[in-house]
Each structure stands twice: as C-alpha cells, then as structure tokens.
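Me: I would like a close look at a single part of this model. Keep it brisk, and set that part in its surroundings.

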Amino acid sequence: MKYRQFIPEKLWFVVVGLAGLIAGSVLITSFNGTTYNSLLCTSRVADSNPTSTQLLAILHYATSRVVPQQSISEIRVSFDVLQSLSPCNFLVFGLGHDSLMWSSFNPRGTTLFLEEDPKWVQTVLKDAPNLHAHTVKYRTHLSEADDLIKSYKSEPNCLPDKAFLNGNTQCKLALTGLPDEVYDKEWDLIMIDAPRGYFAEAPGRMGAIFSAAVMARNRKGSGVTHVFLHDMDRRVEKMFAEEFLCKKYRVKAVGRLWHFEIPPAANVSSAIGGSSFC
C-alpha cells in the first residue's frame, strides 16, 4: 500500500473526485442543509466547508507523481460506498501515499489506519500530519498460513460463536493488543491492503482477514459491514477470504479487489454450524 508512479488517469480521478465531494457538499447544503443516511451511519448535518484534509489531499495529488496502489476501477468500488455512507467509521489496514485520499473520501467521519512499520508511519505522517494512524504488531508469519487455516477450529476461542479479539491470546488469528479505539467502535467499512504478505517472514493478512470477519459478525448496530480485500490474485488472501469472509457475502470483484457485505451474526440463520464462519 505504499507507492507507485502516477499515471494521468489516476491523477484525474483522485483530484476530480475530491473536488466533486466538496462541490457536492456545497450543493446539498444549498438545497437542504440536513441529510440523513438510513443505512449504516447516523444522521448528520452537511457542512459546505471543505475539511483541511480534503484541501491538503487536492494539493498533494495535484502536485505529486505518486499513485495509490489500487487501480482506478478498484478505488471506485470503495469510493462509491464511502460516498453513500460518509461520515462513517472506516478502518484501514495499511498506511501509504493513498491514505490521504481515503481519509478525504470520508470527511468528518473517523478514518483510522493500522500500520506495521513504525518508521513508515513517521514518514507518511511527516507529509500528512492530519492522518490518524497507529503502529500495530502481528503475531503471525505468512509461512504459517496453511497450518493456521487447518488448525484454528481446534481452538474454541477461534470459533465464530465464541471468537473475540481484545485479549484473545489463545487464538493466534485474533489481533490482540490493538488500540482501544479499534475495539470500541463499530466499523462500517474495513479495507485490508496490509500488512505485507509476499514473503515467508512477512506477517501476512491472515489475522486481519479473520479479525475483520469477527468485527463484522459481532456488529450490534444496523446494517452490514463492508469489507474490501486487495491483492486477491494471491493464494493466501483468497484462501482466507473464502474461509472467513465467505463467497456468499461477496458482492463485487473488480481487478484484484473483492468487496464483501457481511451481516451481523444475530441476523444470520442459526442453521450455520458453530464451527463455520460461512
């Protein structure tokens, strides 16, 4: 989720998209003043003034040759959901040169980034101090992926009817020790584009995928949790997505991005066995 060189089409999409969000906010306010979202987010009053993060994002992307890792068509999937739900709670695994864009797409919402590399956090925040980011540690290695998916059902605290995250040290897939804010909020959207998962010693995304599924299933509020998983051309991402996020909840696949809409477990038929997430 770090960076590439910009191509003109991506530059156009990001800058015009941000400008459109600001212009749309002004237009909505002039007609209505108050807008309501009946799906996931609480009602809110539209504010015609662009946020400082939005203005910084336009300046950054208009003068930069750095491109987000995702393609335009992949970005558009999350962008459309954010447009319909913002301001919402948006949790992003990964921090990079696209983070300013994601934060700007969710004005006046909460966008939180989780990053494994503390030096990289300092580098990004130096140029974008308005971003809200935490350094996190993972307990897994990519080389363990096959063993983890075979053995997790032998640990009761990994099973869907008992799984939890905060302090769940017995389940190696559970992300423990995250900032309290991660556990205290219900996340309307979760983007998984990190941690690294392309060499054996890397943490891999097994824990992030499992934990996103647990968060979504444990949701108490109305509506679904939107989960976006990138790099779906990789074996481990696909294997864990099908095990925990479930094919039946996948609503879109664009490029290397899969989009899931996961309902709370309370809204799912009890016919599903206690040992299966799907």
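Which residues of helix α9 (residues 235–245) are buried?

Reply: A caution before the details: this is a predicted model. In helix α9, the buried residues are Val 236, Glu 237, Phe 240, Ala 241, Phe 244 and Leu 245. They fall on the same side of α9, because the arc they cover around the axis is only 125°. The spacing fits a general rule. An α-helix has 3.6 residues a turn, so residues three or four places apart point the same way.

Next, the cover. The buried residues of α9 are covered by elements that include α6 (145–151), α8, β9 and β11. Two of the buried residues also belong to an aromatic cluster: Phe 240 and Phe 244 are linked through ring pairs with Tyr 152, Phe 210 and Phe 277. The structure holds 11 aromatic pairs in total.

Now the end of the helix. Cys 246 comes just after α9 and takes a positive phi of about 80°.

The sheet comes next. It is open and has 7 strands, in the order β7-β6-β5-β8-β9-β11-β10, with mixed pairing. Its edges are β7 (133–135) and β10 (250–254), each of which pairs on one side only. From one strand to the next, the twist averages 15°. Both β9 and β11, part of the cover of α9, sit between β8 and β10 in that order.

Within the sheet, β5 (residues 89–93) pairs with β8 (residues 189–192). The sense is parallel, and the pairing runs over 4 bridges. Val 92 stands opposite Met 191 in β8. Helix α8 (residues 206–217) packs on this sheet. Its contacts there are with β5, β8, β9 (225–229) and β11 (257–262). The direction of α8 makes about 175° with that of β8. Helix α8 thus touches the sheet and also helps cover the buried residues of α9.

One more ring deserves a look. Arg 250 lies over the face of Trp 258, at 4.4 Å from the ring centre.

Last, the whole chain. It has 9 helices and 11 strands. Of its 278 residues, 53% count as buried. Among contacts between residues at least 6 apart in sequence, 70% join residues at least 24 apart.

To return to your question: the buried residues of α9 are Val 236, Glu 237, Phe 240, Ala 241, Phe 244 and Leu 245, and what covers them includes α6, α8, β9 and β11.

How values were computed
Residues numbered from 1 in each chain as written. Predicted model: local features only at pLDDT ≥ 70, side-chain atom pairs only at ≥ 80, totals over all residues. Heavy atoms only, no water. Phe/Tyr/Trp six-rings, centres within 6.5 Å; stacked < 30°, edge-to-face > 60°. Lys NZ or Arg CZ within 6 Å of the ring centre and 35° of its normal. Pairing = 2+ DSSP bridges. Helix = DSSP H or I, 4+ residues; strand = E, 2+ residues; numbered from the N terminus. Axes fitted to C-alpha atoms, helices over the stretch in contact; angles between N-to-C directions. Contact = heavy atoms within 4.5 Å. Buried < 20%, exposed > 50% of the residue type's maximum accessible area, 1.4 Å probe, protein only. Arc of directions from axis to C-beta.
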